[in-house]
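I opened this entry to get my bearings in a structure I had not looked at before. I wanted to know how the strands are arranged and what surrounds one chosen residue.

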2 protein chains.
Amino acid sequence: MEAGVPGKRQPSLGKAACILTGASRGFGRSLALLLAPRLEAGSVLVLVARSQGALAELETDLRRGFSGLEVNSVPADLSTEEGMQLVLGAVRELPGAADLERLIIINNAGSLGEISKSFVDFTSPAEVNSYFAFNVTSALCLTSSILKAFPERPGLCKTVVNISSLCAVKPFKSWTLYCTGKAARDMMFQILALEKPDVRVVNYAPGPLDTEMQQLARTKSGDPEVRQQFLDMKQSGGLLDCSISAQKLVNLLLEDTFDSGAHIDFYDI
Amino acid sequence: MEAGVPGKRQPSLGKAACILTGASRGFGRSLALLLAPRLEAGSVLVLVARSQGALAELETDLRRGFSGLEVNSVPADLSTEEGMQLVLGAVRELPGAADLERLIIINNAGSLGEISKSFVDFTSPAEVNSYFAFNVTSALCLTSSILKAFPERPGLCKTVVNISSLCAVKPFKSWTLYCTGKAARDMMFQILALEKPDVRVVNYAPGPLDTEMQQLARTKSGDPEVRQQFLDMKQSGGLLDCSISAQKLVNLLLEDTFDSGAHIDFYDI
């Protein structure tokens, strides 16, 4: 990494518009802080999350550290039509700079779903529909709407990131909704990659992060074996710091050599 | 195959309760007709589909051919809570025969979704949510509810079939919703297989069937290349008769040696 070498300019993502969901904490927050120094003056970072307070705090930190960066916070619940419209409104209001070099959409928002239940306990369509609305539908419709808001033109590179998981490719007991949603998202973004060769798409599995989600995993997973595995992982120091994994994703974006549509795991690179 | 050898008893699925969705036409209808002779006297076949007329016709055919079989038709739209309740009501009313040897749940109902659109055209959450409600949520909640309605007991073997597709494992341009839904279902049923070793689960991809769905594929797929591939497949005789593929699935169920949770394609066996 060249970061921090005195006198040497850091590699950059250019003048960009970047939309990041689930930005207020955990991996999303780390990513925002690591992306900011790679965005050139005049770039805009749109931060989306449900928690207004945590978003405002992050916005303050970013404004203080990166004066050339415009930061827009959008407190919104992406599981609702209203929340989607709030984000799309913010995207439509972005300055349509003719010299914009890059559009980056990062679908990081997601929820674990009810992990104390087994497959056979999911008998309520409303509960399941609500999970998919937030975790699958909103990622599809938001990405589509944003891509449409930025017509193709020479010099504008578009990148779409899906924050995926090992759970997208491997089933885990007690994690019915999470695995199903992540598998759905991986497939959906593979199709985008096929259909739009001009859009760079990556399904990035960030590895086992030391976040609140992992805390839930080791305490609430219905299956005792799964719970123990996550507990062991925590106790043996096997969990990753969000910023370590977020940095790998930033490097992926900077290098920009991945196969579009690929599922790339933290441990693969 | 032993079918039709005079004087020789056909292998049987025993005395079974079998619930089949999407039964009124295409693959579902063929499957119903091929399953019926493998169900012993006293078995019940619950047929679910939206089309009341086509269901009634199939029911008549089955009653005529297999006098020992109880056939219950349930006209229901599984994308709605009301439709789900209709099916669950019919399942609860099934005779709880103590000598029932097998419960078979076949999740065959499904829709293609809008294939004239690309990923970037899916900007309406309502459209996408409605697709997943029918194609993913209903399969999960129906399967769970039925499994719960039949408590485990020695001598009762439970089998769950997910009618999958090549699209569950391979992305196709123009088929965003279909591929995403099928990938989601495969994952979801893999989890059931992991969680319930006593339930036999198979994700069966029936191959390219010569159905109405294929006609839509070769005429309505938004991507011209995809359209042409499906057209070529039709013209070169590459499409399969539903009954050929349904027979392979019946054989799989009779042999019952598959790895639970596996994705098994028509061409693999």
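My notes cover a sheet and its helices, then a single threonine.

Entry one, the sheet. I was working from a predicted model. In chain B I found an open sheet of seven strands, ordered E3-E2-E1-E4-E5-E6-E7, with parallel pairing. I then asked which strands of chain B stand at the edges. They are E3 (70–75) and E7 (262–265), and each has a single partner strand, so one side of each has no neighbour in the sheet. From one strand to the next, the twist averages 15 degrees.

Entry two, one pair. I looked up strand E2 of chain B, residues 44–49, and noted six bridges to E3(B) in the parallel sense. Val46(B) has Asn72(B) in E3(B) as its bridge partner.

Entry three, the helices. I noted that helix H3 of chain B (residues 81–92) lies across E1 (16–21), E2 and E3 of that chain, at about 160 degrees to E3(B). Helix H4 of chain B (residues 125–149) also packs on the sheet, where it touches E1, E4 (102–107), E5 (157–163) and E6 (199–205) of chain B. The direction of H4 makes about 170 degrees with that of E4(B).

Entry four, Thr21(A). I located this residue in strand E1 of chain A, residues 16–21. Is Thr21(A) buried or exposed? Its relative accessibility is 4%, so Thr21(A) counts as buried, the limit being under 20%. I listed its contacts beyond four places in sequence, among them Val48(A), Leu78(A), Ile106(A) and Leu142(A). Asn108(A) is also one of those contacts, and its backbone nitrogen lies 3.0 Å from a polar atom of the Thr21(A) side chain.

Key. Residues are numbered from 1 along each chain as its sequence is written. Chains are lettered from A and ligands numbered from 1 in the order in which they are written. This is a predicted model: local features need pLDDT of at least 70, side-chain atom pairs count only at pLDDT 80 or more; totals for chains, interfaces and linings use all residues. Side-chain values use heavy atoms; hydrogens and water are left out. Two strands pair if DSSP finds at least two bridges between them. Helices (H or I, at least four residues) and strands (E, at least two) are DSSP runs, numbered from the N terminus. Axes are lines fitted to C-alpha atoms, for helices over the stretch in contact, and angles run from 0 to 180 degrees between N-to-C directions. Contact means heavy atoms within 4.5 Å. Buried means under 20% relative accessible area, exposed over 50%, partly exposed in between (1.4 Å probe, protein chains only). A polar contact is a pair of N or O atoms within 3.5 Å; within protein, one must be able to donate a hydrogen and the other to accept it, and residues adjacent in sequence count only if both atoms are side-chain atoms.
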